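Work through the exercises below with the sequence and the model open. Try each task before reading its solution.

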Amino acid sequence: MGSGLILGIESSCDETAAAVVRSGEQVLSNVVLSQTAIHQPYGGVVPELASREHLRAIVPIVRKALEDAGQTYESVDALAVTQGPGLAGALLVGISYAKALCFALDKPLIAVNHLEGHIHAVLLEERRKGNRELHSPVLALVVSGGHTHLYLAESRGQCWTYRNVGHTRDDAAGEAFDKVAKLLGLGYPGGPVIDKLAPFGDRTAVKFTISQMKHVDRKDRDLAAGDGQPRFDFSYSGIKTALLRYVETHHLQDDIELRRKALRSLTRPSIDDYRRVCDQRTLDLVASFQHAMVEDLVSKTLETARSYDVATLFVTGGVAANSHLRHRFEESAAQGGFPVYFPSRPLSTDNAAMIAAAAYPKLLARDFAPPELSAEASLALR
Ligand code: KG4
Ligand code: ZN
């Protein structure tokens with residue numbers, strides 16, 4: 001259809017993003033406005049503030065994406081927007097704007113699941129590199145601030161189908177990184193800071209154990225495609241509590257408060273600033289926490305890959321930007337004989353290029369959204 005030009009819009013959480021992508025592989029523009037500075041003082045995303053900021057940003061961000069791509073509202077073939085999962089109010093901003101544009105321009109609208117977007121970030125990057133030989137079935141670990149989900153993904157021509165075979169029972173991995181960073185007075189979001197500080201600590205200093213939950217779960221049979229096959233679930237609320245206990249038993253609270261205050265007084269703390277306010281014990285704690293998280297994610301994903309006999313591994317979502325995670329996945333997947341693929345770091349975290357890329361097969365199939373499309377905060381991926 002046309003030249004396969006899709007304008008993608010993403011507003012599911014705290015990034016307002018727009019991108020123009022041709023045929024699911026050529027990124028003509030990719031604009032992301034992060035609201036981190038707005039939410040930082042609250043130590044997490046405040047839904048009402050997120051919606052307000054999306055409203056403020058959506059028109060200029062979409063204009064910039066078109067401008068950067070050398071395109072106009074008229075020249076794109078279709079629009080794509082994230083339908084869910086995410087914050088309902090935040091999603092509605094993107095959806096309402098996309099619907100209004102499509103109505104005014106008489107263009108089709110494609111609804112995209114945010115998690116499918118993260119998976120297509122990998123496909124987009126590989127196609128861009130000329131790698132069209134990705135073998136199905138794929139096991140995709142989507143690991144972000146809101147999700148730690150394992151999907152078996154299979155392609156039939158351009159179209160993909162998904163089956164959930166594991167997910168977190170409580171906190172998502174990114175959420176655990178963010179909560180632990182907050183607990184240690186390191187601010188929000190925690191993942192990138194922990195990633196940068198961990199190499200300065202001893203990851204064997206503190207032993208954290210993470211709950212193991214491999215079992216056939218009757219309650220989740222629907223999600224496991226009704227075949228009673230094993231699920232590989234995660235749980236990360238325990239490690240956060242273990243870290244809190246460590247802080248309490250070692251009386252670290254006063255130091256943490258001083259660190260919090262010192263970092264708050266800096267506008268954009270550098271990694272050296274963070275290091276200056278962390279003693280060796282804290283660096284060891286950070287390194288040990290990250291190591292435990294990464295080992296759990298890697299071992300459960302590889303166990304699932306072996307159990308379902310998959311051909312390829314994808315690791316995507318915000319936490320996939322983590323250097324230690326990438327390194328350990330590459331090492332372990334090579335030992336296990338699986339090729340593993342990640343998106344580049346800018347496409348690991350939330351963006352709209354992945355939404356436009358995931359929409360391309362739907363454009364080919366003329367799978368368009370109905371006029372009554374609305375936000376679905378807990379939209380499942382199938
Ligand atoms: O995919 P994403 O941008 O948004 C969601 O869909 O949630 O992921 C954001 C999450 C946050 O929890 C953030 O702390 C985490 O990804 N994150 C990282 C890194 N960069 C972002 N976690 C660990 N290491 C990183 N380098
Ligand atoms: Zn995401």
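**Exercise 1. A loop tyrosine**

Does Tyr-42 count as buried or exposed, and at what relative accessibility?

Solution.
- The model is predicted.
- Place the residue. Tyr-42 sits in the loop between H1 and H2.
- Apply the cut-off. A residue is exposed when its relative accessible area is over 50%.
- Tyr-42 has 52% relative accessibility, so Tyr-42 counts as exposed.
- List the contacts, leaving out residues up to four places away in sequence. Tyr-42 touches Leu-49 and Lys-182.
- Take one distance. The C-alpha atoms of Tyr-42 and Ile-6 are separated by 35 Å, and these residues are 36 residues apart along the chain.

**Exercise 2. A loop threonine**

Find where Thr-168 lies, then work out which backbone atoms its side chain approaches.

Solution.
- Thr-168 belongs to the loop between E8 and H5.
- The cut-off for buried is under 20% relative accessible area. Thr-168 has 10% relative accessibility, so Thr-168 counts as buried.
- Look at the nitrogen partner. A polar atom of the Thr-168 side chain lies 3.2 Å from the backbone nitrogen of Asp-170.
- Look at the oxygen partner. A polar atom of the Thr-168 side chain lies 2.6 Å from the backbone oxygen of Asp-171.
- Now go further along the sequence. Not counting residues up to four places away, Thr-168 touches Thr-148, Phe-234, Ser-235 and Tyr-236.

**Exercise 3. Salt bridges within helices**

Describe the pairs Asp-68 with Lys-64 and Arg-328 with Glu-331, giving the distance and the sequence spacing of each.

Solution.
- Start with the principle. Side chains of opposite charge can pair when their charged atoms come close.
- Take the pair in H2. The side chains of Asp-68 and Lys-64 form a salt bridge at 3.0 Å, N to O.
- Asp-68 and Lys-64 are 4 residues apart in helix H2 (residues 47-69), so about one helical turn separates them.
- Check accessibility. Asp-68 is partly exposed at 42%. Lys-64 is partly exposed at 41%.
- Take the pair in H11. The side chains of Arg-328 and Glu-331 form a salt bridge at 2.5 Å, N to O.
- Arg-328 and Glu-331 are 3 residues apart in helix H11 (residues 323-336), so about one helical turn separates them.
- Check accessibility again. Arg-328 is buried, with a relative accessible area of 17%. Glu-331 is partly exposed at 35%.

**Exercise 4. A long-range pair and its network**

Which elements hold Lys-240 and Asp-171, and how many residues apart are they?

Solution.
- Confirm the pairing. The side chains of Lys-240 and Asp-171 meet in a salt bridge at 3.0 Å, N to O.
- Locate the ends. Lys-240 is in helix H7 (residues 237-249), while Asp-171 is in the loop between strand E8 (159-167) and helix H5 (173-183).
- The two residues are 69 residues apart, and the pair links distant parts of the chain.
- Compare with the cut-off. Lys-240, at 22% relative accessibility, counts as partly exposed. Asp-171, at 7%, is buried.
- Extend the pair. Salt bridges with shared partners join Asp-171, Glu-175, Lys-179 and Lys-240 into one network.
- Place this in the whole structure, which holds 18 salt bridges.

**Exercise 5. The domain interface**

Characterise the interface between domain 1 and domain 2, from its area to its composition.

Solution.
- Set the bounds. Domain 1 covers 5-127 + 348-364, and domain 2 covers 135-343.
- Find the spacing. The domain centres, taken over C-alpha atoms, are 25 Å apart.
- Count the contacts. 24 residues of domain 1 are in contact with 21 residues of domain 2.
- Take the area. About 2000 Å² is buried between the domains, and carbon and sulfur atoms give 69% of this area.
- Find the main contributors. Ile-119, Val-122 and Ser-348 supply 30% of the area that domain 1 buries against domain 2, more than any other three residues.
- Check the polar links. There are 0 salt bridges between the domains, but 7 residue pairs are in polar contact across the interface.
- Identify the elements. Helix H1 (36-39), helix H4 (114-128) and helix H13 (353-364) each give two or more residues to the domain 1 side. H4 gives the largest share, 10 residues.
- Sort the residues. The domain 1 side that touches domain 2 divides into 11 nonpolar, 9 polar and 4 charged residues.

Terms used: Residues are numbered from 1 along each chain as its sequence is written. Chains are lettered from A and ligands numbered from 1 in the order in which they are written. This is a predicted model: local features need pLDDT of at least 70, side-chain atom pairs count only at pLDDT 80 or more; totals for chains, interfaces and linings use all residues. Side-chain values use heavy atoms; hydrogens and water are left out. Domain bounds come from an automatic or database domain assignment. Contact means heavy atoms within 4.5 Å. Buried area is the accessible area (1.4 Å probe) that two parts lose on being put together, summed over both. A salt bridge is a side-chain nitrogen of Lys or Arg within 4 Å of a carboxyl oxygen of Asp or Glu. A polar contact is a pair of N or O atoms within 3.5 Å; within protein, one must be able to donate a hydrogen and the other to accept it, and residues adjacent in sequence count only if both atoms are side-chain atoms. Ala, Val, Leu, Ile, Met, Phe, Trp, Tyr, Cys and Pro count as nonpolar, Asp, Glu, Lys and Arg as charged, and the others, Gly among them, as polar. Buried means under 20% relative accessible area, exposed over 50%, partly exposed in between (1.4 Å probe, protein chains only).
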